[in-house]
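These are my notebook entries on one structure, kept in the order in which I looked things up.

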Amino acid sequence: MSRMGDVLTGFHAAWEFESESVRIRFERGIRTPKLFQALGARDVPVEAIAGVTLTPGRRGTVVLRVVPRPGADPLMDAAAGQLKEGCDPYRLVLPADRETLAEYYADEIRALLPDDPEQRAAPAEAYLVAPPQGPRHFKAYDGKASFDGTTVSFRWSWTGASSAKWKAGDQRYPVGSLSGVEWRSPEVLEGHLRLLPRGEATPPAAVQPDQDPAAVVFGLGYGPVHESLPFAAAVLAAVREAGPAPEPVLAGAHRRDPADIADRIRHLGELHEAGLVTDEEFSAKKAELLAQL
């Protein structure tokens, strides 16, 4: 593809063209979308590309866009078409006077793609674009989500979590127990991140995310796109890499800090006094918490 190291610089990003890949480097600045800043840089091999387009943009610009193959990028799989146009990492917006140069590079990329359209659009058997390196944790409205590369953990907050989640307790999900991730943008009315246990292609429709211990919900300032989407993509990539695994272990059985246990029993008592937890549920959950000491 052209001369190695050729660079095409646009607004918020620069594309560096190598012999078999495009390296996308995102700028850092107050006008650069936070998602781009979080991604930093991405290497897109030619085999991950289904096509390339060049179209007129707004206010004297042109837009060069690489179309990724289905299943080639965990970030785009997790986003599932929910990203706004301005946050699409595969768009390079350029001044209109660079249209000729952009067309040159578009032709260079097209020349490396298979002639058969069906072959170009065929789903990739494995992720070809590396998942984002971070963040591995973020704060949702009803708890904190963290991921260490092998296990996703949800720790519920005192103020935001529903009684159903407090009854279930903090959750730990090894990636081998999962079949996928459902991400709904925090920019819609009811955003959330939900883990799909292996054996469940889709979550039960009757279970709302705020009642599901396998989900965290977003709110204003909680779970923003630039934090929750890279997180979802990293988990999704780890799930695919893990392949088949034993039955899921949904709730953590690890020993906890005694002070943490005491706090949770105290909060459980408050739920009990408020009538949100029955006598039987209070006794059973208290015994479960004490057993973890």
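**Entry 1. Ring clusters.** I first fixed what counts as a ring pair: rings of Phe, Tyr and Trp, the last by its six-membered ring, pair if their centres lie within 6.5 Å. I note here that the model is a predicted one. With that cut-off, I found that Trp15, Phe17, Tyr104 and Tyr105 are linked into a cluster by ring pairs.

**Entry 2. Further aromatic pairs.** How many aromatic pairs does the structure hold? I recorded 11. Among them is the pair of Phe138 and Phe231, which is edge-to-face, with 5.0 Å from centre to centre and 85 degrees between the planes. Phe138 belongs to strand β8 (residues 137–139) and Phe231 to helix α6 (residues 225–242), so this pair ties together parts that are 93 residues apart in sequence. I looked up accessibility for both and found Phe138 buried, as is Phe231.

I then checked Phe147 against Phe231. Their ring centres lie 6.3 Å apart and their planes stand at 65 degrees, so I entered this pair as edge-to-face too; planes over 60 degrees apart count as such. Phe147 is in strand β9 (residues 143–147) and Phe231 in helix α6, so parts 84 residues apart in sequence are tied together by the pair. Phe147 is buried, and Phe231 is as well.

**Entry 3. A charge over a ring.** I looked at Tyr127 and found the charged end of Arg240 over its ring, 3.9 Å from the ring centre.

**Entry 4. Salt bridges.** I recorded 13 salt bridges in the structure. In one of them, Arg42 is joined to Asp73, and the closest N and O atoms are 2.6 Å apart. Which parts does this pair tie together? Arg42 lies in strand β4 (residues 41–45), and Asp73 lies in the loop between β6 (61–68) and α2 (74–79), so the parts concerned are 31 residues apart in sequence. Is Arg42 buried or exposed? I found Arg42 buried, at a relative accessible area of 5%. Asp73 is likewise buried, at 1%.

Next I looked up Glu187, which forms a salt bridge with Lys84; here the closest N and O atoms are 3.9 Å apart. Glu187 sits in the loop between β12 (178–184) and β13 (192–197), and Lys84 in the loop between α2 and β7 (91–95), so this bridge ties together parts that are 103 residues apart in sequence. Glu187 is partly exposed at 47% relative accessibility, and Lys84 is exposed at 53%.

I also entered the salt bridge of Glu182 with Arg184, whose closest N and O atoms are 3.6 Å apart. Salt bridges with shared partners join Glu182, Arg184, Arg194 and Asp212 into one network. Glu182 is buried, with a relative accessibility of 14%, while Arg184 is partly exposed at 33%.

**Entry 5. A three-stranded sheet.** I turned to an open sheet of three strands in the order β5-β6-β7, paired antiparallel. Which strands stand at its edges? They are β5 (49–56) and β7, each with a single partner strand, so one side of each has no neighbour in the sheet. From one strand to the next, the twist averages 15 degrees.

I then went through the pairings. β5 and β6 are joined over seven bridges in the antiparallel sense, and Ile49 has Pro68 in β6 as its bridge partner. β6 and β7 are also antiparallel, over five bridges; Val63 has its bridge partner in β7, namely Val93. Across β5, β6 and β7 lies helix α3 (residues 99–112), which runs at about 165 degrees to β5.

**Entry 6. Positive phi values.** Most residues other than glycine have a negative phi. I therefore looked for exceptions to that rule. β5 and β6 form a hairpin with four residues between them, and Arg59 in the turn has a positive phi of about 50 degrees. I found Arg59 exposed, at 86% relative accessibility.

His12 also has a positive phi, near 75 degrees. Where is His12 found? I placed His12 in the loop between β1 (6–9) and β2 (13–17). At 25% relative accessibility, I entered His12 as partly exposed.

Methods. Residues numbered from 1 in each chain as written. Predicted model: local features only at pLDDT ≥ 70, side-chain atom pairs only at ≥ 80, totals over all residues. Heavy atoms only, no water. Salt bridge = Lys/Arg side-chain N within 4 Å of Asp/Glu carboxyl O. Helix = DSSP H or I, 4+ residues; strand = E, 2+ residues; numbered from the N terminus. Buried < 20%, exposed > 50% of the residue type's maximum accessible area, 1.4 Å probe, protein only. Pairing = 2+ DSSP bridges. Axes fitted to C-alpha atoms, helices over the stretch in contact; angles between N-to-C directions. Contact = heavy atoms within 4.5 Å. Phe/Tyr/Trp six-rings, centres within 6.5 Å; stacked < 30°, edge-to-face > 60°. Lys NZ or Arg CZ within 6 Å of the ring centre and 35° of its normal.
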